[in-house]
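Let's take a walk through this one, from the outside in. Have the model open as you read.

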Amino acid sequence: MASIQVHNSLRPGGPVPFIPREEGKVSWYACGPTTYDLSHLGHARNYVSTDIIRRILMHHFGFKVQFVMNYTDVDDKIILKARRKRLLDLEKEKPYTPEQIRDLVFKAFTAYAKSNLPLLQHDDSSPLDENNYQEKRGAAYGAVLAGGTLSGEGRPSDSEAKAKMHINNVDSAAQSLKNGAGFDGAEEVLLPYLDSLYKETIDTSDQTMFTDLTQAMEKAFNDDMIALNVLPPDAVTRVTEYVPQIVSFVETIIQKGFAYEANGSVYFDIAAFEKAGNTYARLRPESKNDKALQEEGEGSLSKDAGGKKRSGDFALWKKSKPGEPYWPSPWGAGRPGWHIECSVMASDKLGEQMDVHSGGIDLAFPHHDNELAQSEAFFHQCDKGEHTWVNYFLHMGHLSISGSKMSKSLKNFQTIQDALATTYTARNMRIVFLMGRWNDGVEISPDMRKQADSWETTVDNFFTNIKAKLSESGNPVDGIKDLSLTEGPAKGLLDELEQAKKDLNAALSNSFDTPSAMQVIVRLVRDANVYMNDRSVETNLQVVEAIARWVTKIVGIFGLDAGAQAPYDGLGWASAGAEANVDPQTAIKPYAAVYSAVKKEVQDLGLTESPIQSLLAQQIPEAEFSELEKAGERDVEKLALPYLRATSRLRDELRSLVSTVTLEPKTKQAVLALSDRIRDYDLTDLGVQLDDQVDKPSLIKFVPAAKLIAAREEKAALLAEKARQKEEARKAKEKAEAEKWAKAKVPPQNLFKDDAKYQEFDADGVPTKLADGNEVPKSQAKKLKKEWEKHKKLHEEYLAKFGSA
């Protein structure tokens, strides 16, 4: 197998050799989502980057990868969201008066502000209400809203993002109170308030309130992954399906002396674990005593849990409180801790040791460190030293927005669904992630988006052009022969292809360095474009095709083509219709209809010239299509080519007639209009672009119809704007001309007579005295005389042009 180096979080520093336990095989467990809300771009960053590495291992290096992923469907966040939603639904069903609803919302408003925005009451000048809220908000958090920090120092981070989230929630509630909108707009402040009042009243013996949420969010996540072309896991696990195994796992850890029961909960004993010669917090030793991270790892429903020997000890099993789901256990009704689930499920699927464990970098501590500790405790044998549960930990860098981690809890995110509907395509998003290292943090900038767009456009145009040229040459586009060139530009380009293969392999062997790999691809494509555009040499299409097929393979491996399947031996992006079950007759109907309509219109023009008549008689695209259909062809682009070539030839002949034959003006106009319409509308609407060539048939290119239509509309808008500016310029010129002659109509002796600045004039009407009786200064008099002489000349032009004034 290839020599691969990889960044391993268990071995800080540079990349280390990647040596799986079994040659040619990789066992891999990935932390999946907590299914309580829609997934966002931060999740896309994690799972798409993971998918890219998985595809590289499988389809470039040839490993057989066993990939397991979990769904966390028991968690404090799930409990809170599901329970609060149920409580709000119940509250809305109560027969409240408008006044009672307003009172409830106001109490929730003030409670939320006190808990989450304490600076609003910092001055204690007056009780907070919806009327003074804006003023208090500006005084307390104005700097944060303007892009500053809470402390007044440094750059904004998660704390500021969290403050802005709470401000948005209180903004909405204050507006709701002002408008008398009842519950509408106040949901986010009502949810925690109602939970504080009624959480213990909820009957959780029926867990459907939780499973309804988790199942809906799991489906939404799966839909997102399909949309992003992320390969499905080989195996999926869920916490709710593993509770008995979790209980047994925890019992074993207790028996080995690494955990203890306290008040119905079970905690991992870090001190005992370390005393036995094990290492705790191997991923993030510097965070070992970080109380904020420890509390976050325990969950918001587990604060102030009593019975711990030490504050850093973490829950393996939590005693369920009223309002929480529960399962039976030797320690009473409870539920699994967060970290234990992955230890149990990963070990069940992959055994006591795995090659790779992955997840977002924010999970390193405490989640992954606690996973390692409890798993190594479970498999610990006194006489064998520390157990190695994971050989390689891969942590995906997180995605930032304005300096803060993109996060569900901070609500500073764009969902994947929204991003794909408004901002990105799946391919474009994946390119953005490929252009950054998988283990580095990413803050998406306009420049990064431009680079990704440029890369995609370059490769896209290359595929389109080479397919068009191969089609034009009659090449069947079904593979390449053995290339054996000895000299010339084509040989040089072939050498560049071989070097690119080596460079790309080196990049991917260096900890899956996709930014370098992307540069290798685009450099080769640009070199191929330069070669194809060099008119001093005849293009060797076989060499260019070889490059196109290699690039096709690599973009397929990277997951950039949702329609492609390994081993990615096609050419260009896979045709959307290239499926085994496509009906050829149905697929070509639009293309056949365009040809039929164009043929009839050409016949109706009544052109008698022999070339056009011969073409009309000889072209039988139906026969060519029939042969393709019989041969089993299912690629819509290939099936459509007979009709598109026939249509393009008719148009080429029409254009030739205009330049070589004398036509009646009306006929010539009709021919040109039909030629333009075929190119700009008939074929554009089918996703076909015609590139006119000098003394050669037009090139037929398949381009997404939406892209062509957008370009057409943009061109039309530019022409319309140009026409508007031209018309405005014409009107402005006419107005200036009218104003010029209106002024010229005035006799020179009357030019200054109505100007209040002057009171006396000479015989020609030039001012001699100012309104205050003083003589006009010499310098000013000189200027006035020049102006008078200029006007006298203009007036004479007026008289010559229009007659008497």
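**From surface to core**

The protein has an accessible surface of about 39,400 Å² (Shrake-Rupley method, 1.4 Å probe), and carbon and sulfur atoms own 50% of that. Keep in mind that this is a predicted model, where local features need pLDDT of at least 70, side-chain atom pairs count only at pLDDT 80 or more, and totals for chains, interfaces and linings use all residues. Residues are numbered from 1 along each chain as its sequence is written, and side-chain values use heavy atoms, with hydrogens and water left out.

Of the 805 residues, 46% are buried, meaning under 20% relative accessible area with a 1.4 Å probe, protein chains only.

Now for the inside. The largest nonpolar core (buried Ala, Val, Leu, Ile, Met, Phe, Trp, Tyr and Cys joined through side-chain atoms within 4.5 Å) has 85 residues, and Leu 57 and Phe 558 touch the most other members. Helix H18 (residues 541-557) gives the largest share, eleven residues; helices here are DSSP runs of H or I, at least four residues, numbered from the N terminus. A separate core of 45 residues includes Val 243 and Ile 270.

Helix H3 is a nice one to zoom in on. Its buried residues are Ile 101, Leu 104, Val 105, Ala 108, Phe 109, Tyr 112 and Ala 113. They sit on the same side of H3, because they cover an arc of only 160° around the axis, taken from the directions from the helix axis to the C-beta atoms. On the other side, Glu 99 and Lys 114 are exposed, that is, over 50%. Helices H2, H4, H5 and H6 are among what covers the buried residues of H3.

Notes: Helix = DSSP H or I, 4+ residues; strand = E, 2+ residues; numbered from the N terminus. Contact = heavy atoms within 4.5 Å.
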